[in-house]
Structures are given as C-alpha cells and as structure tokens.
Amino acid sequence: MDRSESGRMLSAVMASRYGHSPRDVWDSRIRSGELLLNGQSLQNDVPVGSRDVVQWRRPPWLEPAIPDQWSVVYDDGDVLVINKPSGLPVMPGGGFLQHTLSALLMEASRSARASQVPKPVHRLGRFTSGLQVCARRPQTRAGLSRQFRPEGGCRKTYLAWAKLVKGLRADQSLVVTTDVVERVHPLLGWVWGPDPFDGEPLRRRLHARSELRLLKRCDQGDLVEVAISTGRPHQIRIHLAQLGSPLLGDPLYLPQQRINAAAVPGDGGYRLHAHTLALENGLHLSCVAGSGFAPGELLLAGSQEL
C-alpha cells in the first residue's frame, strides 16, 4: 500500500485502484475470504497501513461452454475457410479467452505439431454461423484483410431470418444505404445501431450498403439474402432493424429503431449465416446453414417459397 492510502478502508483502496469493480463488490470479496492482508485471510473490511501487503485470490475464470466442432470448407495449406457454428466466438472478448476459435485453432495446431497456426482474417459475430476465413501466413492474412475492408474486393452474401420486410418483393432487390451510427448504451457507453428518428446523441456514423433479396416468406417472417461490401459492425442486423424488420430473435435491435438497454451485441437468439464468399483471386465458396438456422416449426405454418 502507498502512504497516501494509509488509514483508508481496504474496499475503498481496491475500488480506487481497480475501477472495474465498485466498492460494494470489493467488500463482498473481502467478506468471502478472497483477499489476504499480510498473508492472513480477511472476513471484514479493515483500514490498511502503508506497509501492508494485499493479495487477491481471484476465483477461477469460468467460460461458458461453446460448440467446438466445425466443418472445413476449403484448405490449401495456407488459407483455411471453415463453416463456423453459431455460438462460437472467433476472438477473445466478452468473457471468452480459451473458448474461442482462435484458441482452438492454436491448440489443434500444437497437437498436430504444425509449424504455422491458422489465424482469423476477419471476425464473424459469436452467433453468426458460416464462412470464416483464416490464414496461416502473415502475408496472406494481410492481403485478405485488405479485401475485407469497405473498399476491398471481396463480395459476401448472408442468409437472415427477419420480421416481414415491407415493400420487399421476390422479383426485385431492395438496397439499404442508411448509416450505421454509434448510440448511447447504459451498459457499454456506446453501441453501433440504426439511425434514430429523434434527437438522440450520436458519436460516430459510418456509410453502409446492403442489398436484400427475398427467398422465402412465412407467417413469422422472411428469409432474405443480404449482399454486403462495406462490412460495418453488425451491419445486417442494424439495416434490417432500420427497416423495421429486425432479425427474428435479435435481443438488441428492436422495432422503431429502438435498442434494448439490457442487451449487448454479443447476446444470441438471432439467425444470421455467412452463406457465400467471392475473393479477388477468383475463389468462390459457399456453405449450408445448420439445422438450427431455420425457425423450425414456424416454417410449417404458411411457409412459401418465392
């Protein structure tokens, strides 16, 4: 402890040093025996001295279970493309460190004594399934990464189950060019979302373009194919919400351009699948969505191929 902290309660000192947890949380940790003062376990909050040594015995990090199996769509020894299952995070974040695609690829490469580890070139959302591109060589990753930028040359289509999209007909496409904007969110500070109608404060906005084509219509909503080239954060979810037709089961993006204050982008429930990919080198890939992608019994009522 520093001299300036002498005499202060331990919970207050810890909250001041480590702002990720408020004082009442540190007090709870003290009472549960997680903190030691000079090697002795504490049961109550105490004042500290300048020469005291504090240790925090942090409980083990428990990560939620994830689907850890996938099918390989393409592998030339450098570029690896898999059909990522819904529920598998690509990179660490949001409470995941080891239960991620990047960690699983590293573990598999070590077990196989491979000299190079496939690493993700881009990132699908945790609950978005489909074509996830990885590459083993750094030069290849850099080149592919440029193609995935808004000005890049790759072309992607997704399949999405959304609430009925008014004005979308089977014989014509619908182009959406509204901006993706950063809006206030009580849990995250800011979150990307649709452009609101009112005077809500915004921090940033990004141009985005999506082209929608209707594939199937049923009582519960529409199956649409969405072609994108800009690849903005949560672009498809946001553009459909902008139209008043959020993805079925989307917990964050709601009708009337509203955002659920109790949800975050990593929450699941929606149905979105990276279906096809065309790269500048002429490589064209596609993969089929899993059995859990369709709304199941919902399709039995009034399903209509278009």
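A pocket here is an open set of grid points with protein on both sides within 12 Å along at least five of seven lines. I keep that in mind for what follows. The model I am looking at is predicted.

**Entry: largest pocket**

I looked up the volume of the largest pocket, and it is about 890 Å³. Next I asked how many residues line the largest pocket. The lining has 32 residues. Nearest the centre lie Arg123, Leu124, Gly125, Arg126 and His234.

Which helix gives the most to this lining? I found helix 5, with three residues. Helix 5 spans 235-242. Strand 8 also supplies at least two residues of the lining.

I then sorted the lining by class. It has 16 nonpolar, ten polar and six charged residues.

**Entry: second largest pocket**

I moved on to the second largest pocket. Its volume is about 210 Å³. I noted 15 lining residues. Closest to the centre of this pocket are Ser86, Ser129, Gly290, Gly292 and Phe293.

Which strands each supply at least two residues of this lining? They are strand 5 (79-84) and strand 15. By class I wrote down seven nonpolar, six polar and two charged residues.

**Entry: cavity**

I turned to enclosed space. Rolling a probe the size of a water molecule over the atoms shows where empty space is left. How many cavities of 30 Å³ or more does a search of the whole structure find? The search finds one. About 50 Å³ of space lies in the largest cavity.

I listed the residues that line the largest cavity. They are His122, Leu124, Leu131, Phe148, Lys156, Thr157, Tyr158, Ala274, Thr276 and Leu277. Leu124 caught my eye, as it lines this cavity and is also among the residues nearest the centre of the largest pocket.

Strand 8 (155-162) and strand 15 (272-278) each supply at least two residues of the cavity lining. Both names were already in my notes: strand 8 for the largest pocket, strand 15 for the second largest pocket. By class, the cavity lining has six nonpolar, three polar and one charged residues.

**Entry: strand 5 and its partner**

Strand 5 helps line the second largest pocket, and I wanted to see how it pairs. Strand 4 (residues 71-75) is joined to strand 5 by four bridges. Do the two run parallel or antiparallel? They run antiparallel.

I checked Ser71 and found Asn83 of strand 5 opposite. Strand 4 and strand 5 form a hairpin, with three residues between them. In the turn, Gly77 has a positive phi of about 95 degrees.

Methods. Residues numbered from 1 in each chain as written. Predicted model: local features only at pLDDT ≥ 70, side-chain atom pairs only at ≥ 80, totals over all residues. Heavy atoms only, no water. 1 Å grid on protein atoms, 1.4 Å probe; cavity = no way out; pocket = protein on both sides within 12 Å on 5 of 7 lines; lining within 4 Å. Points joined across faces, edges and corners; volume = space filled by probe spheres on them. Nonpolar A, V, L, I, M, F, W, Y, C, P; charged D, E, K, R; others polar. Pairing = 2+ DSSP bridges.
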